[in-house]
Amino acid sequence: MIQVTRKYRFAASHRLTSPQLSESENMALYGKCHNPFGHGHNYELEVSVRGPVDERSGRAVDPVRLDRIVSEQVVEPFDQHDLNTEVEVFAHSVPTTENLGREVFARLTGAWRTAFPGEWPRLEKIRITETPRNFFEVSRTDGQA
Amino acid sequence: MLITKRVEFSASHVCRNPALSDRENQELFGMAANPHGHGHNYVVDVTLAGEPDPVTGMVMDLKRVKEVVNREVLERYDHRFLNHEVEPFNRVVPTPENIAVDIWRRLKPHLTSLHSIRVYETDDLFVDYFGEPA
């Protein structure tokens, strides 16, 4: 069994604000991430896939198919967009990178069977780097949480 | 505890299965099937598992790890055309998946505490191999 990881990038803006909190509570909690006009990041996304090595191709995953599903589900809808106003789930939840990671995992899981109808490869984990000092991982085992 | 030694080698390869036709290879591998080959600066992370020795404070002497990796892998892989010059890549396609498996196979007899092999083909693509369950 091999784990293959491929890295993707998207640039997006967001603003951290929770409708369940008051203005002063939001400011205390999120600080400058609560700035009303928002701000952006160059996100890096690592997608890790696990499977046996196919004898014919020597590969555990077809990188073209993987690129296509990640592009359709994540890069195209997120890149050069505002997460709060243009990605539906963030109308109801705060686009922290924790929630963004769950959303990315859910999108890939939802489209997985269409892209990869067989038993393998399986989506193992994703890792999103928000800045070089902050990164967030969601694995298959906690993807349902 | 896990400790990792990182090494690099540069090699050329072509992603091509000799059992398939030119057209099938082209469909499967695209540009990487160009018969003249192309190259990468590969980065390999060799990870060992263990507890620090109470006397030396080390899980394993990384100098020794480096010697083994040099002898068993780098001297054979570095500046070679993998398909033509390195077994078993005359028979199996030198994808990063198969390279990771081959490096594991070469190192495991000498590094019994080997935990995993990570092979970066580019900054944006890497594979991890943890051996097969016994």
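This briefing walks through a predicted model with chains A and B. Chain B has 4 helices and 5 strands, strung along the sequence as β-α-β-α-β-α-α-β-β. Chains A and B pair up through strands, with β1 of chain A (residues 2-14) running antiparallel to β5(B) over 5 bridges. There are also a kinked helix in chain A and a cis peptide bond in each chain, at A:Trp120–A:Pro121 and at B:Glu87–B:Pro88.

**Chain B overall**

- The C-alpha atoms of chain B fit in a box of roughly 60 × 30 × 25 Å, taken along the principal axes.
- Chain B has 134 residues, and 31% of them count as buried.
- If you take the chain B contacts between residues at least 6 apart in sequence, 66% of them link residues at least 24 apart.

**Strand pairing inside chain B**

- β1(B), residues 2-13, and β2(B), residues 38-49, run antiparallel and are joined by 12 bridges.
- As one pair to look up there, B:Phe9 has B:Tyr42 in β2(B) as its bridge partner.
- β2(B) also pairs with β4(B), residues 114-122, again in the antiparallel sense, over 6 bridges.
- Within that pairing, B:Val46 sits opposite B:Ile117 of β4(B).
- As background, side chains in a regular strand alternate between the two faces of the sheet.

**Nonpolar cores**

- The largest nonpolar core holds 49 residues, and the members that touch the most others are A:Leu45, A:Val104, B:Ala100, B:Ile103 and B:Val119.
- A second core lies apart from that one and has 6 residues, including B:Val14, B:Leu28, B:Phe29 and B:Ala33.
- What does B:Val119 touch, leaving out residues up to four places away in sequence? The list is B:Tyr42, B:Val44, B:Pro96, B:Ile99, B:Ala100, B:Ile103, B:Phe126 and B:Val127.

**Where the chains meet**

- On the chain B side, 16 residues are in contact with 12 residues of chain A.
- Both α4(B), residues 96-107, and β5(B), residues 125-129, supply at least two residues each to the chain B side.
- The largest share of that side comes from β5(B), with 5 residues.
- By residue type, the chain B side splits into 9 nonpolar, 3 polar and 4 charged.
- For a concrete pair across the two chains, A:Gln3 stands opposite B:Asp128 in β5(B).

**Helix α2 of chain A**

- Helix α2(A), residues 63-78, has a kink of about 50° centred on A:Ser71.
- Which residues of α2(A) are buried? They are A:Leu66, A:Val70, A:Gln73, A:Val74 and A:Phe78.
- In a helix of this kind, there are 3.6 residues a turn, so residues three or four places apart point the same way.
- The cover over the buried residues of α2(A) includes β1, β2 (39-51), β3 (81-82), α3 and α4 of chain A.

**Backbone oddities**

- For context, most residues other than glycine have a negative phi, and most peptide bonds are trans.
- A:Gln80 comes just after α2(A) and takes a positive phi of about 65°; A:Gln80 belongs to the loop between α2 and β3 of chain A.
- Is A:Gln80 buried or exposed? A:Gln80 counts as exposed, because there are 12 C-beta neighbours inside 10 Å and the cut-off for exposed is 12 or fewer.
- In chain B, B:His79 has a positive phi near 60° and lies in the loop between α2 (62-77) and β3 (80-81).
- B:His79 is exposed because just 11 other C-beta atoms lie within 10 Å.
- The cis bond between A:Trp120 and A:Pro121 has an omega of about -5°, and A:Pro121 is in the loop between α4 and β4 (122-131) of chain A.
- The cis bond between B:Glu87 and B:Pro88 has an omega of about 0°, with B:Pro88 in the loop between α3 (82-85) and α4 of chain B.

**A loop residue in chain A**

- A:Val89 is in the loop between α3 (83-86) and α4 (97-115) of chain A.
- A:Val89 counts as partly exposed because it has 14 C-beta neighbours inside 10 Å.
- The C-alpha atoms of A:Val89 and A:Phe135 are 21 Å apart, with 46 residues separating the two along the chain.

Conventions
Residues numbered from 1 in each chain as written. Chains lettered and ligands numbered in written order. Predicted model: local features only at pLDDT ≥ 70, side-chain atom pairs only at ≥ 80, totals over all residues. Buried ≥ 20, exposed ≤ 12 C-beta atoms within 10 Å, placed from the backbone. Contact = placed C-beta atoms within 7 Å. Core = buried A, V, L, I, M, F, W, Y, C linked by C-beta atoms within 7 Å. Nonpolar A, V, L, I, M, F, W, Y, C, P; charged D, E, K, R; others polar. Pairing = 2+ DSSP bridges. Bend = angle between axes of the 7 residues up to and from the residue.
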